Amino acid sequence: MYALVCDYAGFGDHKTGSDAERATNEWLLHYLKPFGFRTKTLPFNAGVRPLQAAHIACEGQEITCAAQLRTPGTDATGVAGKAFFLGIAEPASSASVAICDLPYQRWSEYEHPAIETAVRDAIRANAKALVCITNGPTGETCTINAPESAAKSPIPIVYIGPAKAAMIRQAAYRHAPLTVTVRHGSQLIQGANICATNYDTQKPLANAIVISTPTTGWGPCAGERGPGVAIALKLAAWFVESRFELPVQFIFTSGHELGFAGMRAMLKSSAPRPHETAAWLHLGANVAARDYHETQNGLLPLSSADPQRYAMASADWLGKCHSAFAGEPGLEHPYPADVSAAAGELRIILEAEYSSILGIFGANRFHHTALDTPSVTTPALLARAAHAVQKALVSRISDIKIGRAQTA
């Protein structure tokens, strides 16, 4: 499976609509073809304009940064103002750029209280733009997902990692002028989901198994997306070899970082309906990333799994998960399915009222950075996670078969 993660990460920056996404989809179709699945490529419009360029300029220096998609862009000259720290100083002039040192965290979501507060405060201060410093384990810039709520911001928002933020902080201390430039493309991003089934989608369906995993994100996504993709592909091979007489649909979704646009499209038109679905397994982020010691000399890799991963399951999966995930850091304590506590695409699957579900989600230390490469996982961690997931799935399938036999 590690080779699959390396192949996946090797396609490049996995943002929706990119060459990496198209290469990944071709690779998925090629992998699934020998197993006899009926495959489809399902395009959709993500409704977001892509980023062309984003940078911050100060006193002759320029730094490339990440930009919050769905928030306004600028013209080629950018927006300029005197820098000031939100919550520490007042704007130095009517033309200002707000700087926010975000708390230390593994950043990924716009709808986080710290970011939402920074946006509100910057707007109240009449700032021309907001610069957020994504303090976290790597020091790298974290690119933040783009939910529909981000479109409410009337000002551009950009992100910079602490490793590159010294100039920005100094500018804020001195109220020095900054220029923020964000340029978007003119065409909306087009993504595409991959769907693979072992049944005729035109015929009535019952007791379907759905296995889903996202394929897009920011950067190589080896630790974030790679394990979920690799395990889903191995489950596809195992499902065929085991000759389970149950309908199954594998879903590889695009648009994750754009408000889960691909999964929303699947739930609207192509996934089995809740009453047709016996069980749903969702493999989200950080299924099998490694842990690290955080030291003054940097991150030192460990052979154990990063415990910042969560299993969430409906009542019919919960007991099985306790057994299957015993000894697996983070997963060993599965939580009852709860829409308010779920993250990522698992949340919108639960909102769609699928009643039998197991989902895994989390965030590794390199989450949403350019350094999320295959070194973030190991063959042993992938094998352990795959074995545990398969064990839970086998137990659930056994229950479904028993239920079918009893009603036959």
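Which aromatic cluster do Y310, Y335 and F361 form, one or several? Y310, Y335 and F361 form one aromatic cluster. Keep in mind, as you look through these views, that the model is predicted.

**View 1. An open sheet of 8 strands.** Here you can follow the strands across the sheet in the order 3-2-9-5-6-7-8-4, with mixed pairing. At the edges sit strand 3 (61–64) and strand 4 (66–67), each of which pairs on one side only.

**View 2. Strands 5 and 6, side by side.** Strand 5 covers residues 79–85 and strand 6 covers residues 96–101; the two pair in the parallel sense over 4 bridges. To find your place, look for F84, which stands opposite A98 in strand 6.

**View 3. Two helices and the sheet.** Helix 3 (residues 113–124) lies across strand 6, strand 7 (129–133) and strand 8 (157–160). With strand 7, helix 3 makes an angle of about 150°. Helix 4 (residues 166–174) also packs on the sheet, and the strands it touches include strand 2 (51–58), strand 5 and strand 9 (177–184). The direction of helix 4 makes about 80° with that of strand 5.

**View 4. The ring pair F37 and F250.** The model has 9 aromatic pairs by the rule used here, and this view shows one of them, F37 with F250. Their ring centres are 5.6 Å apart and their planes meet at 75°, so the pair is edge-to-face. F37 lies in the loop between helix 2 (19–32) and strand 1 (38–45), while F250 belongs to strand 12 (residues 248–253), so the pair ties together parts that are 213 residues apart in sequence. Are these two rings buried or exposed? F37 is buried, with a relative accessible area of 9%, and F250 is buried too, at 0%.

**View 5. The ring pair W280 and Y354.** In this pair the ring centres are 4.7 Å apart and the planes are at 70°, so the rings are edge-to-face. W280 is in strand 13 (residues 277–283), and Y354 is in the loop between helix 8 (344–351) and strand 18 (357–362). The pair links distant parts of the chain, 74 residues apart. Both W280 and Y354 are buried.

**View 6. A237 and L32.** Start from A237, which you will find in helix 5 (residues 226–242). A237 is buried, with a relative accessible area of 9%. How far apart are A237 and L32 in space? From C-alpha to C-alpha they are 8.1 Å apart, although 205 residues apart in sequence.

How values were computed
Residues are numbered from 1 along each chain as its sequence is written. This is a predicted model: local features need pLDDT of at least 70, side-chain atom pairs count only at pLDDT 80 or more; totals for chains, interfaces and linings use all residues. Side-chain values use heavy atoms; hydrogens and water are left out. Two strands pair if DSSP finds at least two bridges between them. Contact means heavy atoms within 4.5 Å. Axes are lines fitted to C-alpha atoms, for helices over the stretch in contact, and angles run from 0 to 180 degrees between N-to-C directions. Rings of Phe, Tyr and Trp (its six-membered ring) pair if their centres lie within 6.5 Å; planes under 30 degrees apart count as stacked, over 60 as edge-to-face and the rest as tilted. Buried means under 20% relative accessible area, exposed over 50%, partly exposed in between (1.4 Å probe, protein chains only).
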